[in-house]
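The following note sets out points on the structure shown below. They are offered for consideration alongside the sequence and the coordinates.

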Amino acid sequence: MEKLQIGHRVKHKTDNRDGFVIGTPANELVPIAIEGSTRKEQWPVSLVLKKPKKQQLPLFGGTFKPPTGFPLNI
């Protein structure tokens with residue numbers, strides 16, 4: 001997998017929740033803000049799938065235009 005960076009949109013492999021990387025991965029855990037929630041979690045790198053390029057923010061070459069309040073409001 002390509003290195004995750006702050007701002008990448010991701011999906012959890014087992015429960016399909018969408019998230020947003022909010023910190024630098026450390027000790028095989030990635031800090032994630034759950035999209036549509038105020039919840040923040042640490043996901044194991046092995047359970048993180050980066051969303052396709054088209055679904056990333058324009059900064060990462062995608063076309064996703066975040067709504068006001070993203071990632072809380074989607």
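**Notes on the predicted model**

1. In this predicted model, R9 is a useful starting point. Leaving aside residues up to four places away in sequence, R9 touches G19, F20, E35, K50, K51, Q55, Q56, F64 and F70. R9 belongs to strand β1.

2. Is R9 buried or exposed? Its relative accessibility is 6%, and because buried means under 20%, R9 counts as buried. Two polar partners of this side chain may be named. The side chain of E35 makes a polar contact of 2.9 Å with the side chain of R9. In addition, a polar atom of the R9 side chain lies 2.7 Å from the backbone oxygen of Q55.

3. The strand that holds R9 is part of an open sheet of 5 strands, ordered β4-β3-β2-β1-β5, with antiparallel pairing. β4 (40-44) and β5 (48-50) each have a single partner strand and stand at the edges, so one side of each is left without a neighbour in the sheet. On average, and with direction ignored, neighbouring strands of this sheet are turned by 45° against each other.

4. The individual pairings can be followed across the sheet. Strand β1 (residues 9-12) pairs with β5 in the antiparallel sense over 3 bridges, and L49 in β5 is the bridge partner of K11. Strand β2 (residues 18-21) is joined to β3 over 3 bridges, again in the antiparallel sense; here G19 stands opposite I34 in β3. Between β3 and β4 there are 5 bridges, also antiparallel, and V30 has W43 in β4 as its bridge partner.

5. The hairpin of β3 and β4 deserves a separate remark. It has 5 residues between the strands, and G36 in this hairpin takes a positive phi near 80°.

6. Which residues make up the largest nonpolar core? It consists of 8 residues: L4, V10, V21, V30, I32, I34, W43 and V48. Strand β3 (residues 29-34) gives the most to this core, with 3 residues. A second, separate core has 5 residues, among them F20, L57, F64 and F70. In soluble globular proteins, nonpolar side chains tend to be buried together.

7. Two further details concern the largest core. V21, one of its members, touches Q5, I6, G7, H8, V10, V30, P31 and I32, not counting residues up to four places away in sequence. β3 is mostly covered, as 5 of its 6 residues are buried.

8. F20, F64 and F70 link two of the points above: they are among the residues that R9 touches, and they are included in the second core.

Note on methods: Residues are numbered from 1 along each chain as its sequence is written. This is a predicted model: local features need pLDDT of at least 70, side-chain atom pairs count only at pLDDT 80 or more; totals for chains, interfaces and linings use all residues. Side-chain values use heavy atoms; hydrogens and water are left out. Two strands pair if DSSP finds at least two bridges between them. Helices (H or I, at least four residues) and strands (E, at least two) are DSSP runs, numbered from the N terminus. Axes are lines fitted to C-alpha atoms, for helices over the stretch in contact, and angles run from 0 to 180 degrees between N-to-C directions. Buried means under 20% relative accessible area, exposed over 50%, partly exposed in between (1.4 Å probe, protein chains only). A polar contact is a pair of N or O atoms within 3.5 Å; within protein, one must be able to donate a hydrogen and the other to accept it, and residues adjacent in sequence count only if both atoms are side-chain atoms. Contact means heavy atoms within 4.5 Å. A nonpolar core is a set of buried Ala, Val, Leu, Ile, Met, Phe, Trp, Tyr and Cys residues joined through side-chain atoms within 4.5 Å.
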